[in-house]
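Let's take a walk through a protein together, starting with the whole thing and then zooming in on one small corner. Have the picture ready and follow along.

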Amino acid sequence: MKHIMAIMKEKFPERASWLNTSLKRLPDVKPIKDDETWLVKGLPPGDSKQWYLVRNIGGSLLCPCYYHAFGTMRKLRMCTHTGAVLLYSCLTTNNIQEILKRIEFSEKALNLVYIRRRIAKILSAKFRDSRSTANLLQSLSLVPDVIMQDESTWKVAGFNVRMIDGKYFCIGTDGIDKFPCQHVFAVMIYRREKRMLEEGGDARRSTID
Ligand SMILES: [Zn+2]
Ligand SMILES: [Zn+2]
């Protein structure tokens, strides 16, 4: 571990404080599912939540803290929750190349986080009530879970979202979810993100705040 920290500090001298804070969080990482999900304890006053569920999505580490509010977005850098998880996996892999690759992937995924937040910001102008805003923020973490079935059907974390006559419906186990629920928002963001990526949009160039 000391060895890996030394290499990382040498490689990322400007990230010394990120590395130190991530290292301090190491004892607060609880693995949930092997190399897929971890809980990282929130530390006041900087953290507003008690726990953060960090997920490995296609080799990128993503944290819900990227979606907490529509406020200023951190620079395209990993947070210290994902940093702690990264160091946690160092303990088992001890493979510096793997770790560097994971940093690269995770930061590439931050570009997607930017795009999603930007889309959510646009949607928030249309759905202004507090319930919608809360659902919209919740939906951001669900976007990677959207699976398109066909042109008008999507699966989102056990819910079925369907487009019927231009209107979205979310069908769960208890019937139809009240519109607009987080699953419908996740589909809306997923579809816009797809369009933006197809058009070659780079969210870094535009402001989201
Ligand atoms: Zn975080
Ligand atoms: Zn729903």
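Before anything else, you need one term: pLDDT is the predictor's confidence in each residue, on a scale from 0 to 100. That matters here, as what you're looking at is a predicted model. The average pLDDT for the protein is 89, and 92% of the residues score at least 70. One stretch to treat with care is residues 203–209, where pLDDT stays under 50. The model has 15 contacts beyond four places in sequence for that stretch.

Now for the overall build. The protein has six helices and nine strands. Its radius of gyration is 18 Å, close to the 17 Å that the globule rule gives for 209 residues, so the protein is as compact as a globular protein of that length. If you lay the C-alpha trace along its principal axes, it spans about 60 × 35 × 35 Å. Of the 209 residues, 31% count as buried. Take the contacts between residues at least 6 apart in sequence, and you'll find that 56% of them join residues at least 24 apart.

Let's look at the sheets. One is an open sheet of four strands, in the order E1-E2-E3-E4, with antiparallel pairing. Strand E1 (29–33) and strand E4 (60–62) sit at the edges with a single partner strand each, so one side of each has no neighbour in the sheet. On average, and ignoring direction, neighbouring strands here are turned by 25° against each other. Strand E3 (residues 51–57) is joined to E4 by three bridges, and Ile57 stands opposite Ser60 in E4. Helix H3 (residues 80–93) packs on this sheet, touching E1, strand E2 (37–41), E3 and E4. The direction of H3 makes about 120° with that of E2.

There's also an open sheet of five strands, ordered E5-E6-E7-E8-E9, again with antiparallel pairing. At its edges are strand E5 (146–150) and strand E9 (175–176); each has a single partner strand, so one side of each is left without a neighbour in the sheet. E5 and E6 form a hairpin with two residues between them. Four bridges join this pair, and Asp150 stands opposite Thr153 in E6.

Stay with E6 for a moment. Which of its side chains are buried, and which are not? In a regular strand the side chains alternate between the two faces of the sheet. You can see this along E6: Trp154 and Val156 point to one face and are buried, while Thr153 and Lys155 point to the other and are not. On the E7 side, E6 and E7 pair in the antiparallel sense over four bridges. Trp154 stands opposite Val161, and Val156 has Phe159 as its bridge partner.

That brings us to our small corner, Ala157, in the loop between strand E6 (153–156) and strand E7 (159–164). The hairpin of E6 and E7 has two residues between the strands, and Ala157 takes a positive phi near 45° there. Is Ala157 buried or exposed? A residue needs 20 or more other C-beta atoms within 10 Å to be buried, and counts as exposed with 12 or fewer. Ala157 has 13, so it is partly exposed. Beyond its neighbours within four places in sequence, Ala157 is in contact with Leu142 and Asp145. And His183, 26 residues away from Ala157 in sequence, is 8.0 Å from it in space, C-alpha to C-alpha.

Key
Residues numbered from 1 in each chain as written. Chains lettered and ligands numbered in written order. Predicted model: local features only at pLDDT ≥ 70, side-chain atom pairs only at ≥ 80, totals over all residues. Rg over C-alpha atoms; globule rule 2.2 N^0.38 Å. Contact = placed C-beta atoms within 7 Å. Pairing = 2+ DSSP bridges. Axes fitted to C-alpha atoms, helices over the stretch in contact; angles between N-to-C directions.
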